[in-house]
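Trainee: I am new to this structure and would like a close look at a single part of it, the nonpolar core. Please set it in the context of the whole chain as you go.

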Amino acid sequence: NTFAMRVREWYSWHFPELKDVVKDNYMFARCAAFIQDKKSLFSSPTGEDSEEGGGGDEAAAKGEDKLPGLIEIVGDPDTANAVVAAARTSMGMDCSAVDMVNIVN
């Protein structure tokens with residue numbers, strides 16, 4: 001239980017809206033490990049990622065690839081789509097690779 005709360009706390013710095021959509025600790029941890037960087041769930045509306053200077057089609061394809069896996073984890077297409085929508089409007093900060101390793105493992 002303490003470990004689950006740490007995962008929620010740490011990952012919520014990156015994607016705080018996920019805790020409102022996914023309430024179950026186990027499901028939250030699986031979602032965090034699966035999603036990792038929330039930017040992998042969507043592409044910007046202009047088709048360009050702000051930091052990568054393009055590659056919007058690749059990001060969109062990645063997001064489409066992750067949606068079936070997310071549906072499998074949460075067990076509901078509506079909840080999975082809510083997670084993707086929340087990722088698009090998320091106010092969380094970027095997460096370094098070192099921090100993401102700590103969260104995922």
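Mentor: The largest nonpolar core has 22 residues. Those with the most contacts inside this core are Tyr 11, Phe 15, Leu 18, Cys 31, Ile 35, Leu 70 and Val 83. Keep in mind that this is a predicted model.

Several helices give two or more residues to this core: H1 (2-14), H3 (25-35), H4 (56-74), H5 (77-88) and H6 (97-104). The largest share, 5 residues, comes from H5.

Val 83 is a good place to start, being one of the residues with the most contacts inside the core. Apart from its neighbours within four places in sequence, Val 83 is in contact with Phe 15, Leu 18, Val 21, Val 22, Ile 35, Leu 41 and Leu 70. Among these partners, Phe 15, Leu 18, Ile 35 and Leu 70 are also listed with the most contacts inside the core.

Next, take two of the helices that supply the core, H1 and H6. Their axes come within 10 Å and cross at roughly 145°, and the crossing is left-handed. On the H1 side, the contact is made by Val 7, Trp 10, Tyr 11 and His 14; on the H6 side, by Met 100, Asn 102 and Ile 103. Sorted by type, the residues of this contact are 5 nonpolar and 2 polar, with no charged ones. Tyr 11 thus appears in two places, as a residue of this helix contact and as one of those with the most contacts inside the core.

Helix H6 also holds Ala 97. Is Ala 97 buried or exposed? Ala 97 has 60% relative accessibility, so it counts as exposed, the cut-off for that being over 50%. Its C-alpha atom is separated by 9.4 Å from that of Asp 37, although the two residues are 60 apart along the chain.

Now for the whole chain. The protein has 6 helices and 2 strands, and from the N terminus on, the order of the elements is α-α-α-β-β-α-α-α. Of its 105 residues, 38% count as buried. Among contacts with a separation of 6 or more, 56% are between residues 24 or more positions apart. As for the surface, the protein exposes about 6400 Å², and carbon and sulfur atoms supply 54% of that area.

To return to the part you asked about: the core has 22 residues, with H5 giving the largest share.

Notes: Residues numbered from 1 in each chain as written. Predicted model: local features only at pLDDT ≥ 70, side-chain atom pairs only at ≥ 80, totals over all residues. Heavy atoms only, no water. Helix = DSSP H or I, 4+ residues; strand = E, 2+ residues; numbered from the N terminus. Buried < 20%, exposed > 50% of the residue type's maximum accessible area, 1.4 Å probe, protein only. Contact = heavy atoms within 4.5 Å. Areas by Shrake-Rupley, 256 points an atom, 1.4 Å probe, with all protein chains shown as cover. Core = buried A, V, L, I, M, F, W, Y, C linked by side-chain atoms within 4.5 Å. Axes fitted to C-alpha atoms, helices over the stretch in contact; angles between N-to-C directions. Left-handed = near helix turned anticlockwise from the far one by under 90°. Nonpolar A, V, L, I, M, F, W, Y, C, P; charged D, E, K, R; others polar.
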